[in-house]
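Welcome, and please open the model in your viewer. We will go from stop to stop, selecting a few residues each time and looking at what is there.

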Amino acid sequence: MRIVLFGAEADELRSVVARHPLLEIVEADPEAIVCYGGDGTLLTAERRWPGTPKVPIRNSQRGKRCIAHPPEQVIERLAVGGLAQTAYLKLGCLIRHAGQTEPGLYLSAMNEFNVHMGRINSAVRFRMWLNDEPYAEGREILGDGLVVSTPFGSTAYFSHITRGVFHTGIGVAFQNTTEHTNHVIVPEETAIRVVITRGPAQLAHDNAPECLSLEEGHELAVMRHSEPAIMLTWESMVYQSDEF
């Protein structure tokens, strides 16, 4: 198997991999990415090599999505095909402005898309539609923003807002809205459309270092990505938090 070692200290694994003749460390066209670090390392690797199977080995205090077993044991299982493969839903988001004729910008996320107010002293206003049906009777929502999350990402920012996680579908959590607005869990086939009615706002996705500025008239179309994220883990992952 052709693998890439990825992470700030990933070179520490070279001697471990060298013990397994069925594994070859490469720089391009890998069949798997061995991520040595924490959850952020995994998310960064998925952005760089989308769709290529990831083997997340924990080398961080904040890596609950990563395999906690010793690297030697994980690499040995990888070499003999003993890791469990699981496909995880990803989200895609098309960003356009009202009246824009160009195709727009398309981003993907394994965890979440996060719309947040652009100024600390100025709330963002927006409206939302679910499969073209107005949410909250079409009322304008005023607050700090919203998070659109996958089940995989629901243990991250989504759970900090809602105090829970979910296993299927797409989750929408609202941040400090002026009126009580419940979180929403919708089927993964649902198309979610958000229109900014007053900015400024910022759009972040996963742990990408760059954010996109949003103003009045910007529209976000969030839906299931055509390709899942593939992970090779010690065993099927189990959520540790309370479930909705």
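The tour below goes through strands, helices and a few single residues. Keep in mind that this is a predicted model.

**Stop 1: strand β3**

Start by selecting residues 32-37, which make up strand β3. Are its residues buried or exposed? Six of the six are buried, so the strand is largely enclosed by the rest of the structure. In a regular strand the side chains alternate between the two faces of the sheet. Try colouring the two sides of β3 separately: A32, V34 and Y36 lie on one side, with I33, C35 and G37 on the other. Both faces are covered, and these residues are all buried.

**Stop 2: the neighbours of β3**

Now add strand β1, residues 2-6, to your selection. β1 and β3 pair in the parallel sense, over four bridges. To find one of the meeting points, look at V4, whose bridge partner in β3 is I33.

Next, add strand β4, residues 54-58. How many bridges join β3 to β4? There are five, and these two strands run parallel. Label Y36 here, and then I57, its bridge partner in β4. To follow the chain between the two strands, show helix α2, residues 39-48: the path leaves β3, passes through α2 and arrives at β4, and this β-α-β crossover is right-handed.

**Stop 3: helix α3**

Select residues 71-79 for helix α3. Which of its residues are buried? They are P71, V74, I75, L78 and A79. Turn the view until you look down the axis of α3: the buried residues fall within an arc of 135°, so they line one face of the helix. What do they pack against? Their partners are β1, α1 (14-17), β3, β4 and β19 (229-233). Before you leave, step just past the end of α3 to G81, which takes a positive phi of about 70°.

**Stop 4: H20, beside the helix**

Select H20, in the loop between α1 and β2 (24-25). Its relative accessibility is 17%, and the cut-off for buried is under 20%, so H20 counts as buried. Leaving aside residues up to four places away in sequence, H20 touches I75, E76 and A79.

**Stop 5: a six-stranded sheet**

Move on to an open sheet formed by six strands, in the order β14-β13-β12-β8-β16-β17. The pairing in this sheet is antiparallel. Which strands are at the edges? They are β14 (184-186) and β17 (212-214), each of which pairs on one side only. With direction ignored, neighbouring strands of the sheet are turned by 20° against each other on average.

For a detail of this sheet, select β8 (residues 112-117) together with β16 (residues 201-205). These strands pair in the antiparallel sense over five bridges. Label N114 and you can find A204, its bridge partner in β16.

**Stop 6: two cysteines**

Finish by selecting C93 and C211. How many disulfides does the structure hold? It holds zero. For C93, the nearest cysteine sulfur is that of C211, 13 Å away. Seen from C211, the closest cysteine sulfur is in C93, and the 13 Å between them is too far for a bond. Their surroundings can be compared as well: C93 counts as buried at 0% relative accessibility, whereas C211 counts as partly exposed at 47%.

Methods. Residues numbered from 1 in each chain as written. Predicted model: local features only at pLDDT ≥ 70, side-chain atom pairs only at ≥ 80, totals over all residues. Heavy atoms only, no water. Buried < 20%, exposed > 50% of the residue type's maximum accessible area, 1.4 Å probe, protein only. Pairing = 2+ DSSP bridges. Right-handed = clockwise from strand over helix to strand, strands pointing away. Arc of directions from axis to C-beta. Contact = heavy atoms within 4.5 Å. Axes fitted to C-alpha atoms, helices over the stretch in contact; angles between N-to-C directions. Disulfide = S-S within 2.5 Å.
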